[in-house]
Amino acid sequence: MKRIVVTGAAGDIGTRMRKLLKGAYPEIVWSDVRMPAGLAGDETFIPADLADYAQVEKLVAGANGIVHFGGFSVEGPWETIHRSNIVGCYNMFEAAYRAGVERVVFASSNHAVGFYPRSARIGTAVTVRPDSRYGVSKAFGEAVGALYADKHGMRVTCLRIGNVADAPVDERRLSIWLKPEDLAQLVRIGLDHPDIRFEVFYGASDNAASWWDNSNARRFGYRPQGRAEDFRAQALAAQQKLPPDPLGARYQGGSFCSAEYDADRNS
Ligand code: 15L
């Protein structure tokens, strides 16, 4: 992988990855609609609005691999999700295919499967159960990735990312925390591993309270270093300060599930 394009460079994950992937590939092009803060003199940045196909086409020309963190990263109005995560994601895959890009690592999310109960342990082969319009857009991205892999031979890795942070910030995050260094490891597996065709990995560290069977990632050599349990006391103390959310607490997606919830409206 000589030239890598990374979208979403100005976001929280993009900002962390700019440090952690530095020097990992001969050429990394960072992109976003807005200029990232603190761009170093030796970092290459190309602005692009992913909803504009012509801009995406220019961005990906000559790339060997794309890491797609770009898009809207939480729940939002349909117009926003549609523009950023449906049109933007499709443009990225289509332009990548037309430019002959060999690999894409797509930042999916735990919210593609957020309506599985916390009592369930799920692998990567389960039916998607999105908990939000945002979750639907991530399931869409995984489906588009599968199409370009199966039909056009692109090597695609979808990372169902939990929560990237320095440490788990509440009880739910004890199950889904992803240490930034572990995310960098997953990205590099997606970009480099010779046997990737179409793979779904959970973006989670080595969390004792995990709801996910991440053996597929381990099969590709993933060896997470983060252990959420090391932060249990502080995560539970932070949880005490949050308002109660009994419905959210039943499901893996937490407050993404309880927001706008009215499934019992006809009963
Ligand atoms: C996500 O997918 C979001 O991008 C992030 O902001 C968090 O909300 C995370 O999920 C989470 O579930 O904690």
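Is Glu-260 buried or exposed? Select this residue, which sits in the segment after H10: Glu-260 is exposed, with a relative accessible area of 59%, where buried means under 20% relative accessible area, exposed over 50% and partly exposed in between, for a 1.4 Å probe and protein chains only. Although it is not a glycine, Glu-260 has a positive phi of about 65°.

Before going on, note that this is a predicted model, in which local features need pLDDT of at least 70 and side-chain atom pairs count only at pLDDT 80 or more, while totals for chains, interfaces and linings use all residues. Residues are numbered from 1 along each chain as its sequence is written, and side-chain values use heavy atoms, with hydrogens and water left out. Helices (H or I, at least four residues) and strands (E, at least two) are DSSP runs numbered from the N terminus.

**Ser-258 and helix H10**

Step back to Ser-258, which lies in helix H10 and counts as partly exposed at 22% relative accessibility. Not counting residues up to four places away in sequence, Ser-258 touches Asp-245, Leu-247 and Gly-248, contact meaning heavy atoms within 4.5 Å. If you draw a C-alpha to C-alpha distance from Ser-258 to Asp-131, it should read 8.7 Å, for two residues that are 127 apart in sequence.

**Helix H4**

Now select helix H4 (133-152), whose 20 residues reach 28 Å from the first C-alpha to the last, close to the 28 Å expected at 1.5 Å a residue; the expected span is 1.5 Å times one less than the number of residues. Among the buried residues of H4 are Tyr-134, Ser-137, Lys-138, Glu-142 and Tyr-148, and what covers the buried residues of this helix includes H3, strand E5 (103-109), E6, strand E9 (198-203) and helix H10 (255-258). Just after H4, Gly-153 takes a positive phi of about 75°.

**Thr-157 in strand E6**

From H4, move to Thr-157 in strand E6 (residues 155-161), a residue that counts as buried at 0% relative accessibility. Leaving aside neighbours within four places in sequence, Thr-157 is in contact with Val-104, Val-105, Phe-106, Gly-190, Ile-196, Glu-199 and Phe-201.

**The empty spaces**

Rolling a probe the size of a water molecule over the atoms shows where empty space is left. On a 1 Å grid over the protein atoms alone, a cavity is a set of points where a 1.4 Å probe fits but cannot get out, a pocket is an open set with protein on both sides within 12 Å along at least five of seven lines, and lining residues have an atom within 4 Å of a point. Grid points are joined across faces, edges and corners, and a volume is the space filled by probe spheres set on the points.

About 1100 Å³ of space lies in the largest pocket. Of the 50 residues that line this pocket, select Ser-73, Val-74, Tyr-134, Asn-163 and Phe-256, the closest to its centre. The largest share of the lining, four residues, comes from helix H5 (residues 171-176). In that helix you will find Arg-173, which touches Asn-163 and Pro-168, not counting residues up to four places away in sequence.

For the largest cavity, with a volume of about 40 Å³, select His-68, Gly-70, Asn-85, Cys-89, Phe-106, Ser-137 and Lys-138, which line it. Helix H3 (78-99) and helix H4 each supply at least two residues of this lining.

**Aromatic pairs**

A search of the whole structure finds ten aromatic pairs, counted where rings of Phe, Tyr and Trp (its six-membered ring) have centres within 6.5 Å, with planes under 30 degrees apart taken as stacked, over 60 as edge-to-face and the rest as tilted. The rings of Phe-201 and Phe-220 have their centres 5.5 Å apart and their planes at 50°, so the pair is tilted. Phe-201 lies in strand E9 and Phe-220 in the loop between helix H7 (215-219) and helix H8 (232-240), so the pair ties together parts that are 19 residues apart in sequence; both Phe-201 and Phe-220 are buried. Next select Trp-211 and Trp-212, whose rings have their centres 6.5 Å apart and their planes at 75°, so this pair is edge-to-face; both Trp-211 and Trp-212 are buried. End the tour at Phe-93, Tyr-97, Phe-106 and Tyr-148, which ring pairs link into a cluster.
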